[in-house]
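Here is a short briefing on the inner spaces of a protein chain. Take a look at the model first, and then we can walk through it together.

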Amino acid sequence: RALCVGGRGEALDRMQRMNAVFRSASSTRPLGTAACTGFCVMAVGDAVAQRSAGGKQFDPQRNFVSAAYNGLASPAFYRWYQLMDRLAPGVAIRTLVPKVLASQLVTTGLNNPCYLLWCNVAEAACGTADWAAVRSRTTGQLRRELPNLYGSSMLFWLPVTGASYSLVPDHLRVLWVSAMSVAWGGFASHVAHRREGKELLATAPAARRPRATPPL
C-alpha cells in the first residue's frame, strides 16, 4: 500500500511539473506552443486510431496531413478563445451560452470546409496531382458532405466547447481541444476519404491508381 501511495505521489508530482512547464511555455510562446501541441497530439492520436482500426499498414501521409492541419489551426483557435473571454468574461450561463454558440457558428462554419479542402489539396500535392480532378472532387464533397458534417459537429462540439470555456484552464485549452479533435478528426477524415477510392479508381489510369486511405 505504501508503494502504491508513493507511486501515486510521484505521478502527481510529475504531472504538476509538466503542467508548470506547459503553462510557462504557453505564457512565453503561446502561438508556437499551441501549434506544437496541436500537431503532436493529433499525430499521436491519429497513429493510435489507425492502429486501433485494424489497418495492416500505418499511413504516414494521412497522419501528417491531419497533424499539419491541426497544428496550423490551433493558434487560430487559441486566439479565438482569448477573444471570446475578453468580449464575454466569466462562466455564468448568460455569458457562457452566447460564447459557445458564437464559437460553433464561426469555427464550425470555417473548420469543416477548410479540413475537407486541406485533405484533398495536401494529399494531392504529396503525389501526382490531377488538379482538375481534385477541384471536381472537392466541390462534390463540399456540396454533398457539409450538411451532415455541420449537424454532426454541432452535436459533438457544443459540449466540448462548453467544457473548454467553463472548466479547462486557458493554457490547457489547445491540449483539450486537440485531444477532442482526434475523435472528431477521425470522423471528418472518414467523410473526406470514404468515397475517395471509388472516385479515383474510376478516373485514374490503372498503373497510377493511388492507394486509398483507410478510414478510422
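Which elements each supply at least two residues of the lining of the second largest cavity? They are α3 and α6. This is a predicted model, and its chain comes to seven helices and zero strands. The points below go from the chain as a whole to its cavities and then to one of its pockets.

**The chain as a whole**
- Running from the N terminus, the elements read α-α-α-α-α-α-α.
- Of the 216 residues in the chain, 39% are buried.
- If you take the contacts between residues at least 6 apart in sequence, 75% of them join residues at least 24 apart.
- The exposed area of the chain is about 12400 Å², with carbon and sulfur atoms supplying 66% of it.

**The largest cavity**
- The count of cavities of 30 Å³ or more comes to four, and the largest cavity holds about 310 Å³ of space.
- Its lining has 21 residues, and those nearest the centre are Phe77, Asn111, Trp157, Ser181 and Trp184.
- Two or more lining residues come from each of α3, α4, α5 (131–166) and α6 (173–193).
- The biggest contribution to this lining is from α4, with seven residues.
- By class, the lining of the largest cavity splits into 10 nonpolar and 11 polar residues, with no charged ones.

**The second largest cavity**
- About 50 Å³ of space is found in the second largest cavity.
- The residues around it are Asn70, Ala73, Ser74, Phe77, Tyr81, Arg173, Val174, Val177, Ser178 and Ser181.
- The lining of the second largest cavity has five nonpolar residues, four polar and one charged.
- Phe77 and Ser181 are worth finding in the viewer: they line this second largest cavity and are also among the residues nearest the centre of the largest cavity.

**The second largest pocket**
- The second largest pocket encloses about 200 Å³ of space.
- You will find Tyr69, Ala73, Ala76, Phe77, Trp80, Val106, Thr107, Leu110, Asn111 and Cys114 lining the second largest pocket.
- The elements giving two or more residues to that lining are α3 (60–87) and α4 (93–126).
- Eight of the residues lining the second largest pocket are nonpolar and two are polar, while none is charged.
- Phe77 turns up here too, as part of the lining of the second largest pocket as well as that of the second largest cavity.
- Asn111 likewise lines the second largest pocket and is one of the residues nearest the centre of the largest cavity.

Terms used. Residues are numbered from 1 along each chain as its sequence is written. This is a predicted model: local features need pLDDT of at least 70, side-chain atom pairs count only at pLDDT 80 or more; totals for chains, interfaces and linings use all residues. Side-chain values use heavy atoms; hydrogens and water are left out. On a 1 Å grid over the protein atoms alone, a cavity is a set of points where a 1.4 Å probe fits but cannot get out, and a pocket is an open set with protein on both sides within 12 Å along at least five of seven lines; lining residues have an atom within 4 Å of a point. Grid points are joined across faces, edges and corners, and a volume is the space filled by probe spheres set on the points. Helices (H or I, at least four residues) and strands (E, at least two) are DSSP runs, numbered from the N terminus. Ala, Val, Leu, Ile, Met, Phe, Trp, Tyr, Cys and Pro count as nonpolar, Asp, Glu, Lys and Arg as charged, and the others, Gly among them, as polar. Buried means under 20% relative accessible area, exposed over 50%, partly exposed in between (1.4 Å probe, protein chains only). Contact means heavy atoms within 4.5 Å. Accessible areas come from the Shrake-Rupley method with a 1.4 Å probe; for residues, only the protein chains shown count as cover.
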